[in-house]
Amino acid sequence: MPRLSITASYNNAINQLNITGRYLAKSKSLSAEMQGFVAEMLMLRLFSILETCVRDVAIKVACGTPYRNGINSTPTIRCKSVNDAIEKFKNEGRGGQPIQNLRFANVSQTNESIKYVINEREPFRVTLSKYGSIYEEMRCVRNHIAHRTKSTSINYKKIVKQRYGANYIIKTSSFLISSKRDGRVRIEDYIRTIRILINEITNG
């Protein structure tokens with residue numbers, strides 16, 4: 001079985017972020033409408049990169065894999081393999097009622113999925129908790145792009161109100177490429193934030 005590596009998860013995620021960033025840069029030559037469309041598609045990709053990396057690192061931490069700084073992770077229950085970690089995430093401490101689907105789409109879901117295997121003092125969890133608000137914001141934006149339901153609209157409108165200070169009507173496409181509020185293009189800010197988050201959760 002290949003040796004588990006948190007560094008490999010980091011390298012893969014950063015490579016995917018770099019590719020996404022290049023596509024975003026290329027879209028600058030398009031019309032505003034098309035830039036917004038591309039930004040929405042890239043937002044789906046960005047969130048997938050983040051969610052996948054958080055999941056992969058959680059599994060590797062559960063197996064006692066060293067962080068990029070060389071310090072070993074110390075889970076409450078050390079797992080033997082990827083499959084063993086997933087099995088223990090689902091079953092350990094659940095009183096015979098396992099979780100059917102592990103979720104890593106925000107900090108609270110991640111903690112619920114791993115709490116009986118990785119304790120709250122583990123560097124991975126401590127660091128991830130600092131990004132709870134922005135992780136949830138990106139989830140809400142991503143979900144509204146993907147689903148366009150009444151519930152996703154309600155959550156998205158809350159994000160807009162937080163960002164603009166009012167019940168401002170703005171499409172997700174415009175929200176992502178706008179820089180009027182703070183001078184930074186939102187999707188570029190998300191890329192930077194995800195890059196920093198991934199760097200920190202993998203570094204121990």
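1. Cavities first. In this predicted model, the count comes to one cavity of 30 Å³ or more. The largest cavity has a volume of about 30 Å³, and the residues around it are L24, S27, K28, Q35, I177 and V185. By character, that lining divides into three nonpolar residues, two polar and one charged.

2. Now to the open sites. The largest pocket has a volume of about 200 Å³. Its lining is made up of A32, E33, G36, Y164, Y168, I169, I170, S173, S174, I177, S178 and K180. Two helices, α2 (32–62) and α8 (172–177), each supply at least two of these lining residues. Six residues of the lining are nonpolar, four are polar and two are charged. You may like to look at I177 here: this residue lines the largest pocket and also appears in the lining of the largest cavity.

3. The second largest pocket holds about 170 Å³ of space. Around it you will find S153, Y156, K157, V160, K161, N167, Y168, I169, I170 and K171. This lining divides into five nonpolar, two polar and three charged residues. Y168, I169 and I170 line this pocket and are also among the residues lining the largest pocket, so do view the two sites together.

4. A small point on a loop residue. S81 sits in the loop between α2 and α3 (82–91). Is S81 buried or exposed? With a relative accessibility of 19%, S81 counts as buried, because the cut-off for buried is under 20%. A polar atom of the S81 side chain lies 3.1 Å from the backbone nitrogen of D84.

5. Helix α6 deserves a look for its length. The helix covers residues 132–147, and its 16 residues should span 22 Å at 1.5 Å a residue. The end C-alpha atoms are 22 Å apart, which agrees with that expectation. Just after α6, R148 takes a positive phi of about 55°.

6. Which residues of α6 are buried? They are I134, Y135, E137, M138, R139, C140, V141, N143, H144 and I145. The list includes the charged residues E137 and R139. As for the cover over these buried residues, it includes α2, α4 (107–114), α5 (123–129), α7 (150–164), α8 and α9 (186–203). Of these helices, α2 and α8 have already come up as contributors to the lining of the largest pocket.

Definitions and conventions:
Residues numbered from 1 in each chain as written. Predicted model: local features only at pLDDT ≥ 70, side-chain atom pairs only at ≥ 80, totals over all residues. Heavy atoms only, no water. 1 Å grid on protein atoms, 1.4 Å probe; cavity = no way out; pocket = protein on both sides within 12 Å on 5 of 7 lines; lining within 4 Å. Points joined across faces, edges and corners; volume = space filled by probe spheres on them. Helix = DSSP H or I, 4+ residues; strand = E, 2+ residues; numbered from the N terminus. Buried < 20%, exposed > 50% of the residue type's maximum accessible area, 1.4 Å probe, protein only. Polar contact = N/O pair within 3.5 Å; in protein donor to acceptor, adjacent residues only side chain to side chain. Expected span 1.5 Å × (residues − 1). Contact = heavy atoms within 4.5 Å.
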